[in-house]
Amino acid sequence: NGDIVKSTINGNTNDPNVDMTGWRFDDNTVESIADLIAIPNPKNGNRVFVRSYHAGLGVGGGDFYYDATKSSVNDGVVVFNGWVRDLSDKILTTDDAGLLGDGTDDTESLQNFFNVASQYANLNIKAYGTYNVNTNIIAKNISSLIGTDFHINGLRESFTFNGYAKGVLQILSSPNVEVCGVNLKGVRLTNNNDPVGSHRFENGDAGIHLVYCHNFYAHHNTVDYVKTWGILGERCNGGTAVYNKISRTTRQSGINIVVGSTSGIAIVAHNEISECGLYGIELEGRDQSTVINSRAIVHDNTIYNCGQGIVCVGPNFDTQIHDNTITACEKGVMLVDVNSSGILKGRLTVRDNNIFRCENGLSWAGLKHADITGNNINGEQVPSYLIKASNATVDKILSQNSFRTVRNLQIN
């Protein structure tokens, strides 16, 4: 086809116009990773360009250099028998691991990809395709995870938890990480690795779980069908969750990004949250000894058909909840023991929220240092069916004659 090629093996009978196996281009270019590995007697410092991870697909290739000290290393992503991928641009993609993302059970390969990425500090991860997984996928030490048509689906029938891990996708120790374009469907299962008791009953799979990811930025993700939280931030000082879509969390809340936080600003805005057994948005679980150093801003979220719309529990100093639209929940906004210690560092402000068709618009107890103004509460047309007990979520109808509702009831 006009390209000059050289054979990498003796006696090569393959026609390079049809099959490039055993051939390389004269300009130090090879077609695939298999051809890269097949280059005979590479020398330290040799450089080769690979056109594609798998021959003919045109993705997952790149520049490689040979490091003789790594001749026995093959991690399937960055190092291939001494040939090392050039990561000077700090970008690693699922194509670079040869992942096809074709919807098969690819748990092991996807986890290996993240394991390798964690060995190189602060890489920007780009992910493509659909992956069905049978356990938690864990990423560490990354700068960003940007998905393009990227889907992670938990396999409910075969899913087992990795120890006490919650997130079907769990991101650890990645300060300032950006997470975008992840479409995740969970499994709605209890983690039986937890001790017997109420803690086990309340726990299970979450969607995206960030731990020690200070000042993270999670946006434009979709999470559906999990038992606990859609997006959970734990021990993250400062975090932002915006423009996400969360639905069908059985036992916990759509979003809670303040668990164990000790400082920083938490921002939850412009999210669409529905069908959550406990709360739509939760501000609970902050470190009470240092909470006076924290702020939270919750605004312009749309919340529908959750147990409670927005809930603050415990110290929430300098917190603003405004311009949210909450519909068809048992309670629109619930405030429990908020700032009841009497220590004053800022105030809780609840203003200009639209609360429609909720059994209770605003509810509070043990509340101090708060301003509640300008909220639009319309209690007309409250649905006859509301989520009122997160531990009694309907999972399956055993008999169509068991009960009747005044409107159609859809399960799951």
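A salt bridge here is a side-chain nitrogen of Lys or Arg within 4 Å of a carboxyl oxygen of Asp or Glu. By that rule, the side chains of Arg351 and Asp352 form a salt bridge, with an N to O distance of 2.9 Å. The model in which this pair is found is a predicted one.

Arg351 has a second partner. Its side chain also meets that of Asp323 in a salt bridge, at 3.6 Å from N to O. This pair links distant parts of the chain, since Asp323 sits in the loop between β28 and β29 (325-327) while Arg351 belongs to strand β31 (residues 348-351), 28 residues apart. Asp323 has a relative accessible area of 31%, so it counts as partly exposed. The value for Arg351 is 26%, which makes Arg351 partly exposed as well. Asp352, at 33% relative accessibility, is also partly exposed. Through shared partners, the salt bridges join Asp323, Arg351 and Asp352 into one network.

A search of the whole structure gives 10 salt bridges. One of them is between the side chains of Arg295 and Asp318, 3.1 Å from N to O. Arg295 is in strand β25 (residues 294-299) and Asp318 is in the loop between β27 (308-313) and β28 (319-322), so this salt bridge ties together parts that are 23 residues apart in sequence. Arg295 has 27% relative accessibility and is therefore partly exposed. For Asp318 the relative accessible area is 25%, so Asp318 too is partly exposed. In general, side chains of opposite charge can pair when their charged atoms come close.

The nonpolar residues come next. In soluble globular proteins, nonpolar side chains tend to be buried together. The largest nonpolar core in this model has 71 residues. The members that touch the most others are Leu92, Ile125, Leu145, Leu169, Leu210 and Ile257. Leu145 can serve as an example: beyond its neighbours within four places in sequence, Leu145 is in contact with Phe114, Ile125, Ala127, Phe150, Leu169, Glu178, Val179, Cys180 and Val182. Another core, of 11 residues, lies apart from the largest one and includes Ile33, Leu36, Val48 and Val50.

Strand pairing can be followed through β23. Strand β20 (residues 245-249) runs parallel to strand β23 (residues 272-276), and four bridges join the two. Within this pairing, Ile246 has Ile273 of β23 as its bridge partner. β23 also pairs with strand β26 (residues 302-304), again in the parallel sense, over three bridges. Here Ile273 stands opposite Ile303 of β26. Ile273 thus takes part in both pairings, with Ile246 and with Ile303.

The last feature is empty space inside the protein. Rolling a probe the size of a water molecule over the atoms shows where such space is left. One cavity of 30 Å³ or more is counted, and the largest cavity has a volume of about 40 Å³. Its lining is made up of 13 residues, and those nearest the centre are Gly238, Ser261, Ser263, Gly264 and Ala266. At least two lining residues come from each of β21 (255-259), β22 (264-269) and β25. β22 gives the most to this lining, with three residues. β25, one of the strands that supply the lining, is also the strand that holds Arg295 of the salt bridge with Asp318.

Key
Residues numbered from 1 in each chain as written. Predicted model: local features only at pLDDT ≥ 70, side-chain atom pairs only at ≥ 80, totals over all residues. Heavy atoms only, no water. Core = buried A, V, L, I, M, F, W, Y, C linked by side-chain atoms within 4.5 Å. Buried < 20%, exposed > 50% of the residue type's maximum accessible area, 1.4 Å probe, protein only. Contact = heavy atoms within 4.5 Å. Pairing = 2+ DSSP bridges. 1 Å grid on protein atoms, 1.4 Å probe; cavity = no way out; pocket = protein on both sides within 12 Å on 5 of 7 lines; lining within 4 Å. Points joined across faces, edges and corners; volume = space filled by probe spheres on them.
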